[in-house]
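The following exercises practise reading a protein model step by step. Please attempt each task before turning to its solution.

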Amino acid sequence: MEELFNLDQPLIETEFVLFDVETTGLSPAYGHRVCEVACLRVRGGEQVGRFEALVDPGRRISPGAYHVNQITAEMLAGAPRFATVAREVVALMEGGVLVAHNAPFDLGFLAMELELARVPPPEGPVVDTLTLCRRVYRFASNSLPAVARTLAVDTGPGHRAMGDAWTTWGVLEAILCELGQRWQVRTLRELLNFQGGSIPYPAPQALVLPPALAEALACAGEVRMRYVDANGNETDRVVHPLRVQEQHGTLYLTAHCHRAGALRTFRLDRVIELVVAEAGG
């Protein structure tokens, strides 16, 4: 990290990239996807770059997620897939210190989308304003809206990606001011030390996969499988595997299903046959 970043640079000279994602649900482990992304690049209290876009998640937004972000299917009609904007997002992030409120949540979805798009994630430190709030203050609630109200921070539209990124910027500025006055935190190194280190990307798990599936993932190929759904119905499907995750001891495959014409998540313990699909088959 020190080769890429001067950790002793003053915070006033550091470029921060506030970012936020809105999603179709709470966990990428269940195939949920990003439906909106926003990045706001700042230095010395000034905006130096920004990016925001609705993105087609390839699946429906859960009722719980809609209750929070109010993003509808109609709003997403014609929106690009995340893979289309992935390189533009990473280009804006490169060389900056990533900042989010509850960063592990946003990092998990960012890492998943970049993995599916086959775009390397940006390198560098990550700051979590939620972690900093818990270390600096003793608020009754550390949710972003509650923190913003307590710190008298101007807010953008709530629970939309750019609005939350903008609000996080204001919260970060207030925290950095407090850290400088009370703890003489003036450099990036001192900020990361105060936080307890950079927030890491979720570590990929080493999974033992069926050979046909492992080959398809490695070569961006397809597999033909016989699958039994939760109702006991057996179907034949050709899918383009994208990723596998373990959740509570069960392996889940996220893949583009040709039959459905969309992304689907399959439990691998319900697959009764799996072979490499022939080209054109």
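**Exercise 1: A run of paired strands**

Strand E8 (residues 250-257) is mostly covered, since six of its eight residues are buried. The model examined here is a predicted one.

Task. Determine which strands E8 pairs with and in which sense: how many bridges join E7 to E8, and over how many bridges do E8 and E9 pair?

Solution.
1. Begin with E7: eight bridges join E7 to E8, and these two strands run antiparallel. One bridge places Val-244 opposite its partner Leu-253 in E8.
2. Examine the connection. The hairpin of E7 and E8 has two residues between the strands, and His-248 takes a positive phi near 55 degrees there.
3. Turn to E9: E8 and E9 pair in the antiparallel sense over six bridges. Here Tyr-252 has Arg-267 in E9 as its bridge partner.
4. E8 and E9 also form a hairpin, with four residues between them. In its turn, Gly-261 has a positive phi of about 70 degrees.

**Exercise 2: The two faces of E6**

Task. State which side chains of strand E6 (residues 223-228) are buried and which are not, and identify the strands with which E6 pairs.

Solution.
1. In a regular strand, side chains alternate between the two faces of the sheet.
2. Strand E6 shows such alternation: Val-223, Met-225 and Tyr-227 point to one face and are buried. Arg-224, Arg-226 and Val-228 point to the other face and are not buried.
3. Six bridges join E6 to strand E7 (residues 234-247), and the two run antiparallel. Tyr-227 has Thr-235 as its bridge partner in E7.
4. E6 and E7 form a hairpin with five residues between them, and Gly-232 in the turn has a positive phi of about 85 degrees.
5. E6 also pairs with strand E10 (residues 271-276), in the antiparallel sense and over five bridges. In this pairing Arg-224 stands opposite Val-275.

**Exercise 3: Classifying aromatic pairs**

Task. The structure holds five aromatic pairs. Decide whether the pair of Trp-166 and Trp-169 is stacked, tilted or edge-to-face, and then treat Tyr-227 and Phe-266 likewise.

Solution.
1. Recall the cut-off: planes over 60 degrees apart count as edge-to-face.
2. The ring centres of Trp-166 and Trp-169 are 5.2 Å apart and their planes lie at 80 degrees, so this pair is edge-to-face.
3. Both residues belong to helix H7, where they are three residues apart and thus separated by about one helical turn.
4. Compare their exposure, with under 20% relative accessible area as the limit for buried. Trp-166, at 35%, is partly exposed, whereas Trp-169, at 10%, counts as buried.
5. For Tyr-227 and Phe-266, the ring centres are 5.0 Å apart and the planes are at 75 degrees, so this pair is edge-to-face.
6. Tyr-227 lies in strand E6 and Phe-266 in strand E9 (residues 262-267), so the pair ties together parts that are 39 residues apart in sequence.
7. Tyr-227 is buried, with a relative accessible area of 6%, and Phe-266 is buried at 2%.

**Exercise 4: Helix H8 and the largest nonpolar core**

Task. Which residues of H8 are buried, and which elements do they pack against? Then state which element gives the most to the largest nonpolar core.

Solution.
1. The buried residues of H8 are Leu-188, Leu-191, Leu-192, Phe-194 and Gln-195.
2. Because these residues cover an arc of only 160 degrees around the axis, they lie on the same side of H8.
3. They pack against E1, E4, strand E5 (126-128), H5 and H7.
4. Just after H8, Gly-196 takes a positive phi of about 100 degrees.
5. Nonpolar side chains tend to be buried together in soluble globular proteins.
6. The largest nonpolar core here has 34 residues, of which Phe-16, Leu-18, Ile-175, Leu-179 and Leu-191 touch the most other members.
7. Among the elements giving two or more residues to this core are strand E1 (15-23), helix H7 (161-183) and helix H8 (188-195). H7 gives the most, with nine residues.
8. Apart from this core lies another, of 29 residues, including Ala-53 and Leu-114.

Technical notes
Residues are numbered from 1 along each chain as its sequence is written. Side-chain values use heavy atoms; hydrogens and water are left out. A nonpolar core is a set of buried Ala, Val, Leu, Ile, Met, Phe, Trp, Tyr and Cys residues joined through side-chain atoms within 4.5 Å. Buried means under 20% relative accessible area, exposed over 50%, partly exposed in between (1.4 Å probe, protein chains only). Two strands pair if DSSP finds at least two bridges between them. Rings of Phe, Tyr and Trp (its six-membered ring) pair if their centres lie within 6.5 Å; planes under 30 degrees apart count as stacked, over 60 as edge-to-face and the rest as tilted. The arc is that of the directions from the helix axis to the C-beta atoms. Contact means heavy atoms within 4.5 Å.
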